[in-house]
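Reader: I'd like to learn how to read a model like this one, feature by feature. Can we put it up and start with the surface?

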Amino acid sequence: MREESEHKEHVGHEGHEGHDAHEGRHVHPHSHVEGYVHTHDHSHDCPHSHHGDVPGRAILQVAGVSFEYRSDPVLANVSVGVARGEILAILGPNGVGKSTLLKCMNLILTPKTGTVLLEEKDLMKMSGTEIAKNVGYVAQRNESAKMSVFDTVLLGRKPHLGLRVSERDYVIVEEALSRFGLLEMQLRSIDELSGGELQRVCICRAIVQEPSVLLLDEPTSALDLCRQMAILGVIRDVVDHHNVATVMTMHDLNLALRFADRFLFMKGGMVYAACDRSGVTADVIEAVYGIAVDIVMHKGLPMVVPR
Ligand SMILES: Nc1ncnc2c1ncn2[C@@H]1O[C@H](COP(=O)(O)OP(=O)(O)OP(=O)(O)O)[C@@H](O)[C@H]1O
């Protein structure tokens, strides 16, 4: 099994400008990250919300995946797919295996059984560079180093670089830095950033990588309320306008309901429910988290309120 050091192609972006944070996923702002505009502009054909398990349309398809750390079983027979233009939220209590599943989706961890297909190609048969070109990943905990914010984000271009950094690479990086509100701190060393600033840098790095699949492990865990909305707004925008598929693990059910299209609830290392917003019921939440909740509607969006 490959442990989690290998292709840590952090994904990163988060932005402030041009997002409709208060409207969440129902409003898709028309700003964009420059890099995607030049290379994958599918803005006219991106589907928005999808239901069920998208088996036929999934760009990334996990089938029958099991995983164990040494001999401790963590995942059992997990199957799920994510389509272009949609955000899948992986939900469930601490330690249930959300991060492990995410790491199996780009083979940072190698599943014990099962397959992971990217556009119907077996990920196990792809090179690390090929995976990195297609799948961006931002870890839950990000390593820092003595490197500037600019250089860190530029590293996201690595899978695409030729012999040297091109003008286009610089344009993509600068555009993304701007969207993530990082321009002013681009010369600072990332080992001097706050946890939330570093999280934004890492998401920004993943975005400039221009992946077709983004895997984000608790992308808002270190962010304040305003930046949670901003960054999820930018991610939603990239997903909507550049036909990217995104999977994110989350704890905040209300943020998930606001920004994601589909929801994978895990319990005991298995899939308990895979549904769209209408399937997120008080019964499911109680069964998965062991807490009684009410689901109330607020401005057209369901909200989970613990009793
Ligand atoms: N490197 C590791 N070696 C051994 N066990 C691990 C390792 N990483 C995670 N585990 C265990 O595997 C289980 C699943 O962990 P994982 O991080 O996937 O859960 P999670 O649902 O993402 O949790 P959280 O919500 O707390 O982040 C936990 O019991 C955890 O202790």
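Author: Sure. Accessible areas here come from the Shrake-Rupley method with a 1.4 Å probe, and for residues only the protein chains shown count as cover. With that, the chain has an accessible surface of about 12,800 Å², and 52% of that area belongs to carbon and sulfur atoms. A word on the ground rules: this is a predicted model, in which local features need pLDDT of at least 70 and side-chain atom pairs count only at pLDDT 80 or more, while totals for chains, interfaces and linings use all residues. Residues are numbered from 1 along each chain as its sequence is written, and side-chain values use heavy atoms, with hydrogens and water left out.

Reader: What share of the residues counts as buried?

Author: Buried means under 20% relative accessible area, exposed means over 50%, and partly exposed is in between (1.4 Å probe, protein chains only). By that scale, 55% of the 307 residues of the chain count as buried.

Reader: How many helices and strands does the chain have?

Author: Both are DSSP runs numbered from the N terminus: helices are H or I with at least four residues, strands are E with at least two. This chain has 9 helices and 12 strands. As for contacts, the word means heavy atoms within 4.5 Å. Among those between residues at least 6 apart in sequence, 73% join residues at least 24 apart.

Reader: Can you show me a residue that does that kind of joining?

Author: Try N134, which is found in helix α3 (residues 128-134). Leaving aside residues up to four places away in sequence, N134 touches L118, M126, P211, S212 and V213. N134 and Q209 are 75 residues apart in sequence, yet 8.4 Å apart in space, C-alpha to C-alpha. N134 is partly exposed, at a relative accessible area of 21%.

Reader: Which residues that are not glycine have a positive phi? I'm looking at E210 and K299.

Author: E210 has a positive phi of about 55° although it is not a glycine, and K299 has one of about 50°, again without being a glycine. E210 lies in the loop between α6 (195-208) and β7 (213-217). K299 is found in the loop between β11 (293-298) and β12 (301-306).

Reader: Is K299 buried or exposed?

Author: K299 counts as exposed, at 78% relative accessibility. E210, by contrast, is buried, with a relative accessible area of 3%.

Reader: On to polar contacts. What does the side chain of D261 reach?

Author: A polar contact is a pair of N or O atoms within 3.5 Å; within protein, one must be able to donate a hydrogen and the other to accept it, and residues adjacent in sequence count only if both atoms are side-chain atoms. The side chain of D261 reaches the backbone nitrogen of I87 at 2.7 Å. A polar contact of 3.0 Å also joins the side chains of D261 and R236. D261 sits in the loop between α8 (253-259) and β9 (262-267), and D261 is buried, with a relative accessible area of 2%.

Reader: How many residues surround the ligand?

Author: A residue is near a molecule or strand if one of its heavy atoms lies within 4 Å of it. Here 14 residues surround the ligand, and the closest are N94, G95, K98, S99 and T100. Helix α2 (residues 98-104) gives the largest share of the shell, 3 residues.

Reader: And which polar atoms lie by the ligand's oxygens?

Author: A backbone N or O atom of V96 lies 3.1 Å from an oxygen atom of the ligand, and one of G97 lies 3.0 Å from an oxygen atom of the ligand. From the side chain of Q140, an N or O atom is 3.2 Å from a ligand oxygen. The protein covers 65% of the 630 Å² of accessible area that the ligand has on its own.

Reader: Last topic: how many aromatic pairs does the structure hold?

Author: Rings of Phe, Tyr and Trp (its six-membered ring) pair if their centres lie within 6.5 Å; planes under 30 degrees apart count as stacked, over 60 as edge-to-face and the rest as tilted. The structure holds 2 aromatic pairs. F67 and Y69 are edge-to-face, at 4.8 Å centre to centre with 80° between the planes. F150 and Y170 are stacked, at 6.1 Å centre to centre with 25° between the planes. F150 lies in helix α4 (residues 149-155) and Y170 in helix α5 (residues 167-179), so this pair ties together parts that are 20 residues apart in sequence.
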